[in-house]
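Here's a quick briefing to read alongside the structure. Have a look at the model first, then work through the points below.

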Amino acid sequence: MSDEEDDIILAELDDEELVQQMFDDLYDGLKEEIEEAVNILLERGWQPYDILTKALVGGMTIVGADFRDGILFVPEVLLAAGAMKGGMAILKPLLAETGAPRMGSMVIGTVKGDIHDIGKNLVGMMMEGAGFEVIDLGINNPVESYMDALEEHKPDILGMSALLTTTMPYMKVVIDTLVEQGKRDDYIVLVGGAPLNEEFGKAIGADAYCRDAAVAVETAKDFVARKHNQASA
Ligand code: B12
């Protein structure tokens, strides 16, 4: 790092410069700087959701592109992910604090063989903010852990996340198991993750594919409302 960069005082940057600096700091995996910047934006009246999407997810998109192009490697991306999580941890209680009425519940987890959890965590946070109770199963979930959690918590929604083309087919294993056990219609199944698309969601028998956390919340609300209407009809 050059002396010049050492001297940057985050609080003296205007909003646009600060967000640019956050992109750089996320890229460099600087957790404390990211946390400081998140707090500065909050003090300036930014909405937690805007900080999440514009600064943190925006920065992670740049990291993703350079990872794809072989410019960044796993250790660096792990540091970036750690910095992102530092920022998310500050925003989490604020997003959950909206006082939204209880909407329903969701069991969510990343599928077997896959350890990516940032997107899943973000979806969980946004769902909590929208009034859903979220049971997070973490990463690397075999079909049994989904089944056990569904049995135990009886949620409205099952959410599965996969970020690898090699792990996304595992979602079908879970859905097929639900079908075999005659339980498919008991749950709304939402799937997500960067390599998925709507077509894939349909092909594996999910109710919907959601491209991001905001769409996940809207879709979840929509399906839960329909489910309740059916139940009362
Ligand atoms: C961070 C990262 C990592 C970190 C993960 C840290 C962590 N704690 O999550 C580390 C370094 C560990 C990692 C490891 C690997 N990674 Co990686 N990783 C990424 C990266 C750069 C960003 C992912 C991310 O967090 N994005 C930000 C979040 C907010 O976005 P998101 O996950 O897409 O989630 C949003 C939506 O998809 C949706 N969503 C997500 N889940 C769900 C679930 C539900 C229910 C719903 C409704 C919606 C939803 O909503 C979210 C919020 O808006 C991506 C690049 C990319 N373009 O995605 C590569 C990427 C996914 N990784 C990749 C690879 C290859 C790997 C490794 C195999 C590398 C290696 N050689 O070891 C390993 C695999 C490890 C494993 N077994 O899982 C490839 C996958 C390629 C492919 N076609 O399969 C990618 C695409 C990079 C690339 N282009 O090469 N990775």
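What follows covers the ligand site, two buried side chains and two loop residues.

This is a predicted model, so read it with that in mind. The ligand sits in the largest pocket, and 34 residues surround it. Away from the ligand lines, a couple of polar residues turn out to be buried, and two non-glycine residues have a positive phi.

**The ligand and its shell**

- Among the 34 residues around the ligand, the closest are Ile 115, His 116, Asp 117, Ser 161 and Thr 165.
- Sorted by character, the shell comes out as 19 nonpolar, 9 polar and 6 charged residues.
- Several elements chip in with at least two shell residues each: α4 (48–68), α5 (74–96), α6, β3 (157–161), β4 (188–192) and α10 (213–232).
- Helix α5 gives the largest share of the shell, with 5 residues.

**Polar contacts to the ligand**

- His 116 puts a polar side-chain atom 2.8 Å from a nitrogen atom of the ligand.
- Ser 161 also uses a polar side-chain atom, which lies 2.7 Å from a ligand nitrogen.
- With Ala 213 it's the backbone: an N or O atom there lies 3.0 Å from an oxygen atom of the ligand.

**Two buried side chains**

- Asn 121 belongs to helix α6, which runs over residues 118–129.
- Its relative accessibility is 19%, so Asn 121 counts as buried, the cut-off being under 20%.
- Skipping residues up to four places away in sequence, Asn 121 touches Lys 85, Met 88 and Asp 136.
- Gln 21 is part of helix α2 (residues 15–27).
- Gln 21 is buried because its relative accessible area is just 13%.
- Once neighbours within four places in sequence are set aside, Gln 21 is in contact with Ile 8, Leu 10 and Leu 13.

**Positive phi in the loops**

- As background, most residues other than glycine have a negative phi.
- Asn 140 goes the other way, with phi near 55°.
- You'll find Asn 140 in the loop between β2 (132–136) and α7 (143–153).
- Asn 140 has 40% relative accessibility, so it counts as partly exposed.
- Lys 154 has a positive phi too, near 45°.
- The loop between α7 and β3 is where Lys 154 sits.
- Lys 154 counts as exposed because its relative accessibility is 54%, and the cut-off for that is over 50%.

Conventions
Residues numbered from 1 in each chain as written. Predicted model: local features only at pLDDT ≥ 70, side-chain atom pairs only at ≥ 80, totals over all residues. Heavy atoms only, no water. Helix = DSSP H or I, 4+ residues; strand = E, 2+ residues; numbered from the N terminus. Buried < 20%, exposed > 50% of the residue type's maximum accessible area, 1.4 Å probe, protein only. Contact = heavy atoms within 4.5 Å. Near = heavy atom within 4 Å. Polar contact = N/O pair within 3.5 Å; in protein donor to acceptor, adjacent residues only side chain to side chain. 1 Å grid on protein atoms, 1.4 Å probe; cavity = no way out; pocket = protein on both sides within 12 Å on 5 of 7 lines; lining within 4 Å. Sits in = over half its atoms within 2 Å of the grid points. Nonpolar A, V, L, I, M, F, W, Y, C, P; charged D, E, K, R; others polar.
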